[in-house]
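Let's take a stroll through a protein chain together. Have the sequence and the 3D view open, and look things up as you read.

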Amino acid sequence: MATIIRDYTTDQSSIPQKKIKGLLIHHNSVLVDDNGHLPDLTEIQSSDLLVAETEEFIYFTREIDAEYETNGFKLTQLRHLLTRWSTRDFEHASRAIQLQLWQRSHLFCSCCGTKTVRHPNEYAMVCPACEYTQYPRLQPCVIVAITRHDNNQPSILLARSPRFPIPMFSLIAGFVEVGETLESAVAREVKEEVGIDIKNIRYMGSQPWPFPTNLMIGFQAEYAGGELILQEDEIAEAAFYPFDQLPLLPPTGSIANWMIDEIVRG
Ligand SMILES: [Zn+2]
């Protein structure tokens with residue numbers, strides 16, 4: 001937690017000689033041109049936040065109005081950029097969106113109600129009265145790919161949420177509760193949502209998911225027993241699908257798509 005913010009914004013000559021890219025954000029949307037490219041920034045404002053630095057570019061984020069207009073660029077929902085962008089671009093924008101959300105939702109101290117100020121060189125909103133410090137908050141969310149082997153026929157558990165706008169099937173996922181390990185969250189969510197027991201829970205990978213502030217933590221596991229009993233308000237339909245008969249899956253770029261692909265391709 002030692003990312004320098006103020007050095008760049010108060011002394012622009014200290015900005016490394018790199019192209020400055022703007023992650024201009026309005027809620028879950030990013031300003032991009034028709035090719036999905038970010039605008040170049042010619043100056044940094046004091047409210048801008050440093051997001052990332054690569055060999056070639058330095059990225060700052062700024063919150064803009066929904067009506068913000070500039071030549072050839074328009075606000076585009078980050079979800080729609082998921083399949084077009086590289087993982088790195090998605091992660092930068094994801095970070096920018098979450099930093100902006102954190103800033104605008106921590107304008108006052110949650111202990112004493114005093115107006116907060118931004119820490120000069122950390123991502124932190126500090127209360128000048130009681131010194132309570134509020135950092136960007138993450139919601140850890142587990143997601144699990146459960147496999148089953150019957151008569152040498154491997155299959156994977158896929159479920160459809162009643163909230164999905166299209167008939168798409170994904171993996172079981174849910175939030176980690178206070179005091180829980182990641183593994184026990186995985187086992188609890190599976191038991192609650194589809195009624196089965198699992199074993200051999202192993203970590204696969206993770207993805208920052210800014211809808212709104214989740215960190216998706218992916219696991220794989222094996223079916224251990226029980227009948228599929230669905231939690232109606234969470235799961236509309238679920239079944240073990242043979243690897244060669246998969247239904248409509250989540251889009252490329254999402255961790256669910258990557259996990260299913262890893263397991264099915266072996
Ligand atoms: Zn306070």
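What follows goes from the whole chain down to single residues.

## The big picture

First, a word on what you are looking at: this is a predicted model, in which local features need pLDDT of at least 70 and side-chain atom pairs count only at pLDDT 80 or more, while totals for chains, interfaces and linings use all residues. Residues are numbered from 1 along each chain as its sequence is written.

How confident is the predictor? The score to know is pLDDT, the predictor's confidence in each residue, from 0 to 100. The chain has a mean pLDDT of 91, with 94% of its residues at 70 or more. Confidence is lowest in helix α1 (residues 6-10), where the mean is 52, and highest in helix α4 (residues 182-194), where it is 98.

The secondary structure comes to 5 helices and 14 strands. These are DSSP runs numbered from the N terminus: helices are H or I with at least four residues, strands are E with at least two. The C-alpha trace spans about 65 × 45 × 35 Å along its principal axes.

Of the 266 residues, 30% count as buried. Here, buried means that 20 or more other C-beta atoms lie within 10 Å of a residue's own, exposed means 12 or fewer, and partly exposed is in between, with C-beta atoms placed from the backbone. Two residues are in contact if their C-beta atoms, placed from the backbone, lie within 7 Å. Among the contacts with a separation of 6 or more, 65% are between residues 24 or more positions apart.

## Two domains

The domain assignment gives domain 1 (6-104) and domain 2 (139-265); such bounds come from an automatic or database domain assignment. The C-alpha centres of the two domains lie 32 Å apart. Their contact takes 11 residues from domain 1 and 9 residues from domain 2. On the side of domain 1 that touches domain 2, helix α3 (residues 87-104) brings the largest share, 7 residues. That side divides into 5 nonpolar, 4 polar and 2 charged residues. For this tally, Ala, Val, Leu, Ile, Met, Phe, Trp, Tyr, Cys and Pro are nonpolar, Asp, Glu, Lys and Arg are charged, and the others, Gly among them, are polar.

## Helix α4 and what it packs on

How well does the span of α4 agree with what it should be? The 13 residues of α4 should span 18 Å at 1.5 Å a residue, and the end C-alpha atoms are indeed 18 Å apart. The expected span is 1.5 Å times one less than the number of residues.

In α4, the residues A185, V186, A187, E189, V190, E193 and V194 are buried. They pack against β9 (139-150), β10 (153-160), β11 (172-175), β12, β13 and β14 (237-242). L182 also lies in α4, but L182 counts as partly exposed because it has 13 C-beta neighbours inside 10 Å. Leaving aside neighbours within four places in sequence, L182 is in contact with V142, V176 and I217. Just after the helix, G195 takes a positive phi of about 80°.

## The cores

A nonpolar core is a set of buried Ala, Val, Leu, Ile, Met, Phe, Trp, Tyr and Cys residues joined through C-beta atoms within 7 Å. The largest core has 32 residues, and V142, I143, V144, I146, L171, V186 and V190 touch the most other members. At least two residues each come from β9, β10, β11, α4, β12, β13 and α5 (255-265). The most come from β9, with 6 residues. Apart from this core lies another, of 22 residues, among them I20, L23, I44 and L99.

## Backbone oddities

Which two residues have a positive phi although they are not glycines? Here they are, side by side.

| Residue | Phi | Place | Other C-beta atoms within 10 Å |
|---|---|---|---|
| H27 | about 50° | loop between β1 (19-26) and β2 (29-32) | 14, partly exposed |
| N200 | about 50° | strand β12 | 11, exposed |

One more thing to find: a cis peptide bond joins F211 and P212, with omega about 5°. P212 sits in the loop between β12 (197-209) and β13 (214-225).
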